[in-house]
Amino acid sequence: MTKKENQLLKEINTKFKTKGRIQREHRIWVTINEKKLTEICKWLKEKGFEHLSAISVTDWLEQKEYELTYHLWSYDDKILITVKTRINRNKPIIESVTSIWGESAQIHERELHELFGVKFKGNKDLLPLFLENWQGPAPFRKDFDWRDYVREEFYDKKNEREKVYYD
Amino acid sequence: MVKRSEKAKTMRKLIKAIWIFNWFNSCGFAELVPLVGSRWDMERFGMIIVGTPRHADVLFIAGYQTQKSIERAKRVYEQMAEPRVVIALGSCTMTGGMYWDSYNTIKKLDKYLPITMYIPGCPPRPEAVFEACEKIFEHVKELK
């Protein structure tokens, strides 16, 4: 464990009142309230975390929450910070980070908007990315039964040959 | 002397060799590379892959098509000159194959494009592809 990580973690924990921890060498995990997300992101960008590697969503169905994970990399310190925040999965609205990381955040947010239905406030272009003419619900949500959807959309139960798809 | 229709005459003039345009998704191309290679060598039958659908007689479609790529496949088909033949390769194009329960792939290709022939198999054998092309020649020969 190098000094850099300890120092940075201390700074984050005192400034944002979080309980972050050092996962292993070069890796820090921080969980933060959604309201403080843009604040911590802005602060980290100024600290040198200029590369947003990915944004991902985890769907916690039983807890009715989406967990958003932001992976930030610093080229100078060689540290990967994982910032996690939880939002309500029935009303998934969160502040966009495009104002901080620009284009690289834009494409991730556009994808997550399409696949999970997360609305990013402040992102100007949330048009569909992969799916075309898609009328169904956001397909990566855990309560979306794609097999049922496919049976409804593509197959015919009365067709003798397609009966196997309903077994 | 056999009396032939105008269509049969033109077809005989046009179809001497088969020029192919490939529209391959996923593993479709990788599985058909042996066809081009020296072992099966499709060029000995006059089958050549061309760079644009405007030059092609035959459209090869392989692999599963997605909702997005099928729109592009339709545009490729529309650019081809008559007479045109569409050959669908592999089980993915027929039933969706292993992606039968995917929400964004096409299950039955003939709902979207007029398929002349399906070649089953995952992947189809090169010999099966040759047989399909042989059938095109036979069809032209039998035209009256």
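The exercises below work through a predicted model, each with a task and a stepwise solution.

**Exercise 1. The overall form of chain A**

Task: Establish which elements chain A contains and how its radius of gyration stands against that of a compact globule.

Solution: Begin with the inventory, in which chain A has five helices and seven strands. Following the sequence, these elements appear in the pattern α-β-β-α-β-β-β-β-α-α-β-α. Next take the radius of gyration, which would be near 15 Å for a compact globule of 167 residues, whereas chain A has 20 Å. The box filled by the C-alpha atoms of chain A, taken along the principal axes, is roughly 70 × 30 × 25 Å. Finally, 24% of the 167 residues of chain A count as buried, and among the contacts in chain A with a separation of 6 or more, 48% are between residues 24 or more positions apart.

**Exercise 2. The sheet of chain A**

Task: Work out the strand order of the open sheet of five strands in chain A, and name its edge strands.

Solution: The order of this open sheet is β1-β2-β5-β4-β3 in chain A, and the pairing is mixed. The edge strands are β1 (21–24) and β3 of chain A, each of which pairs on one side only. Neighbouring strands in the sheet are turned against each other by 25° on average, with direction ignored. Helix α1 (residues 3–16) of chain A packs on this sheet, where it touches β1, β2 and β5 of chain A, and its direction makes about 10° with that of β2(A).

The individual pairs can now be taken in turn:

- Strand β2 (residues 27–31) and strand β5 (residues 79–88) of chain A run parallel and are joined by five bridges, with A:Val30 standing opposite A:Val83 in β5(A).
- β4(A) and β5(A) pair in the antiparallel sense over ten bridges, and the bridge partner of A:Ser74 in β5(A) is A:Ile79.
- β3(A) and β4(A) also pair in the antiparallel sense, over nine bridges, and here A:Thr58 stands opposite A:Glu67 in β4(A).

**Exercise 3. Two hairpins**

Task: Which residues take a positive phi in the hairpins of β3(A) with β4(A) and of β4(A) with β5(A)?

Solution: In the hairpin of β3(A) and β4(A), four residues lie between the strands, and A:Lys64 takes a positive phi near 55°. The hairpin of β4(A) and β5(A) has four residues between its strands, and there A:Lys78 takes a positive phi near 55°.

**Exercise 4. Helix α4 of chain A**

Task: Check the span of helix α4 of chain A against what its residues should span, and then find what its buried residues pack against.

Solution: The helix covers residues 103–116, and at 1.5 Å a residue its 14 residues should span 20 Å; the end C-alpha atoms are 20 Å apart, which agrees. The buried residues of α4(A) are A:Ala105, A:His108, A:Glu109, A:Glu111, A:Leu112, A:His113 and A:Phe116. A helix has 3.6 residues a turn, so residues three or four places apart point the same way. The buried residues of α4(A) pack against β3 (51–60), β4 (65–74), α3 (98–101) and β7 (119–121) of chain A. Just after α4(A), A:Gly117 takes a positive phi of about 75°.

**Exercise 5. Strand β4 of chain B and its sheet**

Task: Place β4 of chain B in its sheet, and decide whether its faces are covered or uncovered.

Solution: Five strands of chain B form an open sheet in the order β2-β1-β3-β4-β5, with parallel pairing. The edges are taken by β2 (48–49) and β5 (117–119) of chain B, each with a single partner strand, so one side of each is left without a neighbour in the sheet. Strand β4 (residues 85–89) of chain B pairs with β5(B) in the parallel sense over three bridges, with B:Leu89 opposite B:Ile119 and B:Ala88 opposite B:Tyr118. Helix α5 (residues 126–142) of chain B packs on the sheet, touching β4 and β5 of chain B, and its direction makes about 165° with that of β5(B).

Strand β3 (residues 58–62) of chain B runs parallel to β4(B) and is joined to it by five bridges, where B:Ile61 stands opposite B:Ala88. Together with helix α3 (residues 67–79) of chain B, β3(B) and β4(B) make a right-handed β-α-β unit.

Turning to the faces, B:Val85, B:Ile87 and B:Leu89 on one side and B:Val86 and B:Ala88 on the other are all buried, and both faces of β4(B) are therefore covered. Five of the five residues of β4(B) are buried, so this strand is largely enclosed by the rest of the structure.

Note on methods
Residues numbered from 1 in each chain as written. Chains lettered and ligands numbered in written order. Predicted model: local features only at pLDDT ≥ 70, side-chain atom pairs only at ≥ 80, totals over all residues. Pairing = 2+ DSSP bridges. Contact = placed C-beta atoms within 7 Å. Axes fitted to C-alpha atoms, helices over the stretch in contact; angles between N-to-C directions. Rg over C-alpha atoms; globule rule 2.2 N^0.38 Å. Buried ≥ 20, exposed ≤ 12 C-beta atoms within 10 Å, placed from the backbone. Right-handed = clockwise from strand over helix to strand, strands pointing away. Expected span 1.5 Å × (residues − 1).
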